[in-house]
Amino acid sequence: VQNILMKNMVDVCLGTMCWWSIGWTLAYGIADGENHAFANNHQPFGMGFTEVNSDGIFTPSAYMLNWFFQWAFCSAAATIVSGGVAERVQFPGYLIFTIVMTSWIYPVVVH
């Protein structure tokens with residue numbers, strides 16, 4: 001039980017960092033001019049999730065809501081595997097899987 005709980009926590013914590021830094025940009029880039037929609041530099045690390053009005057007030061954009069919604073599915077997709085490989089994979093190997101799943105596999109599939 002402890003091994004599965006630890007893997008689920010790793011999925012959420014490490015998966016969030018990978019999705020925030022790499023995954024969202026790969027999956028939901030915006031095609032503008034010469035840039036393609038896949039794997040461009042649109043909103044890395046959450047840049048552009050808020051907009052600044054002329055009076056200096058920050059307002060959240062719809063991208064923040066969409067990021068959170070897709071993050072939940074990304075974490076769920078990585079967590080489902082933890083039940084299938086329970087007690088079959090060593091922890092360092094599972095860390096590598098989580099990084100690859102949340103930063104490459106899931107973004108490519110949802111694009």
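Trainee: In helix α2, by about how many helical turns are W67 and W71 separated?

Mentor: This is a predicted model, and both residues belong to helix α2. W67 and W71 are 4 residues apart in that helix, so their separation is about one helical turn.

Trainee: Is the aromatic pair of W67 and W71 stacked or edge-to-face?

Mentor: The ring centres of W67 and W71 lie 6.3 Å from each other. Their planes make an angle of 10°, and planes under 30 degrees apart count as stacked. The structure holds 6 aromatic pairs, and the pair formed by W67 and W71 is stacked.

Trainee: Are W67 and W71 buried or exposed?

Mentor: Residues under 20% relative accessible area count as buried. Of the 111 residues of the protein chain, 32% fall in that class. Both W67 and W71 are buried.

Trainee: Which helix supplies the largest share of the largest nonpolar core?

Mentor: The largest nonpolar core has 11 residues in all, including W67, W71, C74 and Y106. Helices α1 (2-27), α2 and α3 (91-110) each supply at least two residues of this core. The largest share, 5 residues, comes from α2.

Trainee: Is C74 buried or exposed?

Mentor: C74 has its place in helix α2, which covers residues 62-84. Its relative accessible area is 1%, and the cut-off for a buried residue is under 20%. Therefore C74 is buried.

Trainee: Which residues does C74 touch, not counting those up to four places away in sequence?

Mentor: A contact requires heavy atoms within 4.5 Å. Y106 has C74 among the residues that it touches, together with W19, Q70, F73, A77 and M101. With residues up to four places away in sequence left out, C74 touches W19, T102 and Y106.

Trainee: Which residues form one aromatic cluster with W19?

Mentor: W19 is one of the residues that Y106 touches. W19 and Y106 also both appear in the list of the largest nonpolar core, as does W24. The aromatic cluster joins W19 with W24 and Y106.

Trainee: Over the face of which residue does K7 lie?

Mentor: A charge sits over a ring if NZ of Lys is within 6 Å of the ring centre and within 35 degrees of the ring normal. K7 is at 5.1 Å from the ring centre. The residue beneath K7 in this arrangement is Y94.

Trainee: What pattern does the protein chain follow when read along the sequence?

Mentor: The protein chain has 3 helices and 2 strands. Read along the sequence, these elements follow the pattern α-β-β-α-α.

Notes:
Residues numbered from 1 in each chain as written. Predicted model: local features only at pLDDT ≥ 70, side-chain atom pairs only at ≥ 80, totals over all residues. Heavy atoms only, no water. Buried < 20%, exposed > 50% of the residue type's maximum accessible area, 1.4 Å probe, protein only. Core = buried A, V, L, I, M, F, W, Y, C linked by side-chain atoms within 4.5 Å. Phe/Tyr/Trp six-rings, centres within 6.5 Å; stacked < 30°, edge-to-face > 60°.
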